[in-house]
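Hi,

Here is the structure I said I would pass on. Have a look at it first, and then read on for what turned up.

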Amino acid sequence: MSARDDSLMQIVKTSPVIPVITIERADDAVPLAEALLKGGIATIEIALRTPAAVDAARAVVAKVPDMSVGIGTVLTPQNLADAKAMGARYALSPGATPELLDAAARGDFPYIPGVATASDVMAAVVSGFSVLKFFPAENAGGIAALRALGGPFPSTRFCPTGGINEKNFRTWLAEPNVVAVGGSWLAPAADIAAGRWDAITARAKAATSAA
Ligand code: 3PG
């Protein structure tokens, strides 16, 4: 396993449930990160899906140092470079392109490419990545598909996201090749918008005690 993937493994070992955050107001980022940390969650994926995402990530990096920030929805080598410049600890993509895999493989920044098929896994593995995001996990065949992918790729580790929720996350985490799960259920957009930090802490606590 590369040094890049070793540092990823350290992060997910401490905190295997990763909230996927779509943030509309950067000012919500710090109270949100604090609410999750209070519930025992020490890493988040801030998705580059909204204009507020970059400022949100920078604020959490600066003010909540115990929270490991991952940047999600990384689509281009520029996004990847931006994630590193924001002070994030790692980046993730819903899929992968040859350009992204090349750029990430040339650098040392921890990166989790997205995969849904055996060909996707091959492309990521030959580029040197061993921790992959299985997305969209439930729609791409669920646990049965993940088990099948595990056959030809026994040393690959997965972080499934997409359709993971409070009901099924434990089942996913129990798979031997799953090192973390991600999902939006821990910090839904409506709770963030309404500042329901206690509800978010409660969900985080429920997830960390079960994980
Ligand atoms: C992701 O980017 O990982 C997904 O949007 C999260 O999927 P979910 O909303 O089904 O949890």
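Below is a walk through the sheets, the loops, the pocket and the salt bridges.

One thing to keep in mind as you read: this is a predicted model.

**The sheets**

Let's begin with the open sheet. Six strands form it, in the order 5-4-3-2-1-9, and the pairing is parallel. Strands 5 and 9 are the edges, each of them pairing on one side only. If you want to look at the strand 9 end, strand 1 (residues 17-21) runs parallel to strand 9 and is joined to it by three bridges. V17 is a handy place to start there, since V181 of strand 9 stands opposite V17. As a reminder, the strands of a sheet pair through backbone hydrogen bonds, and the pairing can be parallel or antiparallel.

Next comes strand 7 (131-134). Which strands does strand 7 pair with in the parallel sense? Strand 8 (residues 157-160) is one partner, with four bridges joining the two. Strand 6 (residues 114-115) is another, over two bridges. K133 makes a good landmark in strand 7: C159 in strand 8 stands opposite K133, and so does G114.

Both of these pairs come with a helix in between. Going from strand 6 to strand 7, the chain passes through helix 6 (residues 118-126), and this β-α-β crossover is right-handed. From strand 7 the chain goes through helix 7 to strand 8, again as a right-handed β-α-β crossover.

As for the side chains of strand 7, V131 and K133 point one way, while L132 and F134 point the other way. All four are buried, the lysine included.

**Two spots in the loops**

Two backbone details are worth a click. The peptide bond between F135 and P136 is cis, with omega at about -10 degrees. P136 sits in the loop that runs from strand 7 to helix 7 (142-150).

The other spot is T73, in the loop between strand 3 (68-72) and helix 4 (77-85). Its phi is near 55 degrees, which is a positive value in a residue other than glycine. Is T73 buried or exposed? T73 has a relative accessible area of 13%, and because the cut-off for buried is under 20%, T73 counts as buried.

**The largest pocket**

The largest pocket holds about 210 Å³ of space. It is lined by 16 residues, and the ones closest to its centre are V20, R49, F135, T161 and G162. You have met F135 already, as the residue on the other side of the cis bond from P136. By type, the lining of the largest pocket splits into eight polar, five nonpolar and three charged residues.

**Salt bridges**

How many salt bridges does a search of the whole structure find? The search finds six. Here are some pairs to look at.

K84 and D108 form one of them, with their closest N and O atoms 3.1 Å apart. This pair links distant parts of the chain: K84 is in helix 4, and D108 is in the loop between helix 5 (98-106) and strand 5 (111-112), 24 residues apart. K84 is partly exposed, at 45% relative accessibility, and D108 is exposed, at 54%.

R147 and E175 meet in another salt bridge, at 2.7 Å from N to O. They too link distant parts of the chain, being 28 residues apart: R147 belongs to helix 7, while E175 lies in the loop between helix 8 (169-173) and strand 9 (181-183). The two ends of this bridge fall into opposite classes. R147 is exposed, with 54% relative accessibility, because the cut-off for exposed is over 50%. E175, with a relative accessible area of 9%, is buried, because it falls under 20%.

The third pair is R196 with D191, also 2.7 Å from N to O. R196 is partly exposed, with a relative accessible area of 40%, whereas D191 is buried, at 7%. This bridge does not stand alone: D191, R196 and R203 are joined into one network by salt bridges that share partners.

That's what I have for you. Happy to go through any of it on screen.

Cheers

How values were computed. Residues are numbered from 1 along each chain as its sequence is written. This is a predicted model: local features need pLDDT of at least 70, side-chain atom pairs count only at pLDDT 80 or more; totals for chains, interfaces and linings use all residues. Side-chain values use heavy atoms; hydrogens and water are left out. Buried means under 20% relative accessible area, exposed over 50%, partly exposed in between (1.4 Å probe, protein chains only). Two strands pair if DSSP finds at least two bridges between them. A crossover is right-handed if, with the strands pointing away from the viewer, the path from the first strand over the helix to the second runs clockwise. On a 1 Å grid over the protein atoms alone, a cavity is a set of points where a 1.4 Å probe fits but cannot get out, and a pocket is an open set with protein on both sides within 12 Å along at least five of seven lines; lining residues have an atom within 4 Å of a point. Grid points are joined across faces, edges and corners, and a volume is the space filled by probe spheres set on the points. Ala, Val, Leu, Ile, Met, Phe, Trp, Tyr, Cys and Pro count as nonpolar, Asp, Glu, Lys and Arg as charged, and the others, Gly among them, as polar. A salt bridge is a side-chain nitrogen of Lys or Arg within 4 Å of a carboxyl oxygen of Asp or Glu.
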